[in-house]
Amino acid sequence: MKKVFLTTCLLLIINLGFAQTDSTNVVSYLTPNYDHIKRVMNDKQSPQYLPKLAKMVEDADTSITIEDLIVLYYGQALKDSYDPYGQVEQLAKIRKILKQKDISKKDADKILSLCDDIIKDNPAEPRAYWYRYIGYNILVKYHNGDTSLIDKADTQLRMILAAIQSTGNGASMETAMHVTHTAHEYFLLNLFDFKFDGQALVYDKQGHAYDQMNVKENPYGIESLYFNVDAIIRSWSRVLNDEPKLSDKPVSEITVDLGTKFVLEMVKTSKKKSTFKIVSVEKVGDTILKNDPALFPDDIPENQIIGYFCQTAFLSAGDGAHPCLITKKGNAAINFQMETEIEYSHSGEFQSTSNNGIIGTVKGIEMWSGPLSRIRISNIRVMK
């Protein structure tokens with residue numbers, strides 16, 4: 001099946017490689033203007049009203065502009081239902097069908113129906129257009145389908161990809177491609193025929209976030225592709241802003257992203273469970289120093305816990321840094337244990353650390369070696 005689509009993949013790779021290796025070629029990339037997108041996407045009188053743009057893509061209307069496509073793709077990140085880690089259940093069903101040895105016309109029609117369902121929910125989902133393209137190819141090659149539908153699906157896929165590629169070529173942080181879903185990074189790697197070889201979450205001096213996706217040796221001499229994930233990080237902030245504040249009901253867990261300081265107020269503790277209120281959650285610098293006296297005040301209120309989940313250097317800012325959770329509390333008479341789960345670079349899945357971290361009046365430190373994105377802290381309880 002892969003050979004059927006090789007021409008599309010090669011064209012995309014050639015465009016990417018040329019932009020990276022030809023230093024005399026000046027390419028101007030666009031940055032999504034989310035203020036503008038938010039203003040027009042829900043305005044029924046606007047020519048960039050999302051349903052209008054979705055209809056243009058569905059019709060493969062080539063009069064649509066790159067600015068329109070940017071609104072359509074990046075506007076999905078401004079919807080209330082936006083989830084950058086969300087699993088699209090129809091995709092799993094499609095992949096299951098494609099693993100079959102023989103794919104009947106009924107199977108191909110099912111693939112197209114599942115693609116339609118995805119597109120109704122998210123008309124800028126590139127994977128849906130890719131599988132639609134595959135579905136029509138199957139119908140044409142094995143079941144006397146309409147060849148014009150292949151061309152239409154190809155145009156639709158290229159429209160969505162054009163929105164992403166208009167923001168960069170992925171060669172560096174400065175020319176990173178902006179994405180709204182972590183799965184789109186892997187989809188693009190596969191489409192460009194690159195083999196994934198690890199990743200890291202990195203930040204530039206302006207605080208913009210990037211996934212550095214390392215790739216294995218390839219004919220283009222490309223070592224890494226960069227994806228701007230500001231939209232994804234922004235969604236974390238939206239979640240953090242929805243966390244209970246001091247006046248809200250107590251909670252039993254908190255999830256924060258790397259580069260965050262948080263303050264908790266213990267409400268009730270026992271040997272089995274505890275609850276707390278979230279006093280504050282705020283972003284801090286790229287890297288903190290373990291022994292920086294400014295991390296914790298001299299007098300922490302006895303019912304409060306202060307924590308940092310950050311890249312942490314142990315000696316100086318020039319030394320290597322690791323993702324660390326550093327905590328300290330105010331009550332000298334009580335020490336707490338806690339459970340932590342960590343997420344590796346936007347995977348969307350948390351893994352238990354198998355640790356029972358300790359929160360005391362002396363700084364408690366947990367350290368990891370991998371590129372972490374978030375941590376979930378729960379079950380804070382009095383030590384036995």
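1. Helices and strands are here DSSP runs, numbered from the N terminus. In these terms, Thr180 lies in the loop that links β1 (177-178) to α9 (182-191). The structure discussed in this note is a predicted model.

2. Although placed in a loop, Thr180 counts as buried, with 4% relative accessibility. Its contacts, apart from neighbours within four places in sequence, are Tyr73, Tyr74, Ala77, Tyr82, Pro84, Ala231 and Ile232.

3. Helix α3 spans residues 50-58, and its buried residues are Leu50, Leu53, Ala54, Met56 and Val57. These residues lie on the same side of α3, because they cover an arc of only 160° around the axis. The elements against which the buried residues of α3 pack are α2 (34-41), α4 (66-75), α7 (126-143) and α8 (147-165). Just after α3 comes Ala60, whose phi is positive, at about 55°.

4. Val57, one of the buried residues of α3, also has a place in the largest nonpolar core. When residues up to four places away in sequence are not counted, Val57 touches Ile64, Leu69, Leu72, Tyr129, Gln156, Met159 and Ile160.

5. The largest nonpolar core holds 67 residues. The members that touch the most other members are Val57, Leu72, Tyr73, Ile94, Trp130 and Leu188. Helix α7 supplies the largest share of this core, with 9 residues. A second core, separate from this one, has 21 residues, including Ile305, Phe309, Met338 and Ile377. As general background, nonpolar side chains tend to be buried together in soluble globular proteins.

6. Two residues recur across these points. Leu72 is among the contacts of Val57, and Leu72 is also listed with Val57 among the core members that touch the most others. Tyr73, which appears in that list as well, is in contact with Thr180.

7. On the matter of cysteines, a search of the whole structure finds 0 disulfides. Cys310 is in no disulfide, and the nearest cysteine sulfur to its own is that of Cys324, 9.2 Å away. For Cys324, likewise in no disulfide, the nearest cysteine sulfur is that of Cys310, at 9.2 Å. A disulfide requires the two sulfur atoms to be within 2.5 Å, so a pair at this separation does not qualify. Cys310 is buried, with a relative accessible area of 0%. Cys324 is buried too, and its relative accessible area is 0%.

Terms used: Residues are numbered from 1 along each chain as its sequence is written. This is a predicted model: local features need pLDDT of at least 70, side-chain atom pairs count only at pLDDT 80 or more; totals for chains, interfaces and linings use all residues. Side-chain values use heavy atoms; hydrogens and water are left out. Buried means under 20% relative accessible area, exposed over 50%, partly exposed in between (1.4 Å probe, protein chains only). Helices (H or I, at least four residues) and strands (E, at least two) are DSSP runs, numbered from the N terminus. The arc is that of the directions from the helix axis to the C-beta atoms. Contact means heavy atoms within 4.5 Å. A nonpolar core is a set of buried Ala, Val, Leu, Ile, Met, Phe, Trp, Tyr and Cys residues joined through side-chain atoms within 4.5 Å.
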